[in-house]
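Let's go through this one by asking what stands behind each label. Have a look at the chain first, then we'll take the questions in turn.

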Amino acid sequence: METTDTLDRTIVEELKAFLLERRARLQGSVRTRMAERRAGEPRRSPEAATNAVESIGEDFEVAMLDRESREAAQIDAALERLARDEYGICRGCGVFMGLGRLKALPFAPRCTACQAEVEARELRSEAG
Ligand SMILES: [Zn+2]
């Protein structure tokens, strides 16, 4: 019997197509946000900047931009790993992270266990 937890060419092609499409969409979205920010800036008066609602919207925009650029970078890295035939290999422990994980998060850099560890470490360092 064939194991269902490995990458075959069809799955790799599917994931690659997904990554490319997702990256194109993210790049488009990041570009639009940047353009909007640039276009919006000259009109903004100091009074408007102290407007709480606008400032919350601004924070949200910056957070979205940050999240999208980060995701685009992760997708770039995943595509690079695909090209090097290292796709799906966890950067933490070097073990294939499993098809389920890749289907859920095709640009995941680490397996669930290593990712949880990294996040716990980040939380600890943020807490000081
Ligand atoms: Zn791992």
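**Contacts, cover and helices**

Leaving aside residues up to four places away in sequence, Arg 101 touches Ala 108, Cys 111 and Thr 112. Keep in mind that this is a predicted model.

Q: What makes Ala 108, Cys 111 and Thr 112 count as touching Arg 101?
A: Two residues are in contact if their C-beta atoms lie within 7 Å. Ala 108, Cys 111 and Thr 112 are the ones listed for Arg 101, once residues up to four places away are set aside. Arg 101 itself is found in helix α4.

Q: Why is Arg 101 called partly exposed?
A: Arg 101 has 18 other C-beta atoms within 10 Å. Buried takes 20 or more and exposed takes 12 or fewer, so a count in between is called partly exposed. That is where the 18 of Arg 101 falls.

Q: How far apart are Arg 101 and Asp 5 in sequence and in space?
A: They are 96 residues apart along the chain, and 10.0 Å apart from C-alpha to C-alpha.

Q: Which residues does Arg 81 touch, and what is its exposure class?
A: Arg 81, in helix α3, touches Glu 86 and Tyr 87, again not counting residues up to four places away. It has 16 other C-beta atoms within 10 Å, so it is partly exposed. Arg 81 and Pro 109 are 28 residues apart in sequence, with 9.5 Å between their C-alpha atoms.

Q: Why is Val 62 called exposed, while Met 64 is called partly exposed?
A: The cut-off for exposed is 12 or fewer. Val 62 has 12 other C-beta atoms within 10 Å, so it is exposed. Met 64 has 13 C-beta neighbours inside 10 Å, and therefore counts as partly exposed. Val 62 lies in helix α3, and Met 64 is in helix α3 too, which covers residues 52-83.

Q: Where does Arg 33 sit relative to Val 62 and Met 64?
A: Val 62 and Arg 33 are 9.0 Å apart, C-alpha to C-alpha, with their positions 29 residues apart in sequence. For Met 64 and Arg 33 the distance is 9.0 Å and the sequence separation is 31 residues.

Q: What makes the phi of Asp 85 worth a remark, and is this residue buried or exposed?
A: Its phi is near 65 degrees, a positive value in a residue other than glycine. Asp 85 has 10 other C-beta atoms within 10 Å, so it is exposed. You'll find Asp 85 in the loop between α3 and α4 (99-104).

Q: How do you know that α1 lies largely in the open?
A: Of its 32 residues, the number buried is one, so α1 lies largely in the open. From first C-alpha to last, α1 (residues 9-40) reaches 46 Å, close to the 46 Å expected at 1.5 Å a residue.

Q: Why is α5 called hardly covered?
A: A residue needs 20 or more other C-beta atoms within 10 Å to be buried, and the count of buried residues among the 16 of α5 is zero. Helix α5 (residues 112-127) reaches 22 Å end to end by C-alpha, close to the 22 Å expected.

Q: How many helices and strands are there, and how much of the protein is buried?
A: There are five helices and zero strands, running α-α-α-α-α from the N terminus on. Buried residues make up 8% of the 128 residues.

Q: What share of the contacts with a separation of 6 or more comes from residues 24 or more positions apart?
A: They account for 61% of those contacts.

Notes:
Residues numbered from 1 in each chain as written. Predicted model: local features only at pLDDT ≥ 70, side-chain atom pairs only at ≥ 80, totals over all residues. Helix = DSSP H or I, 4+ residues; strand = E, 2+ residues; numbered from the N terminus. Expected span 1.5 Å × (residues − 1).
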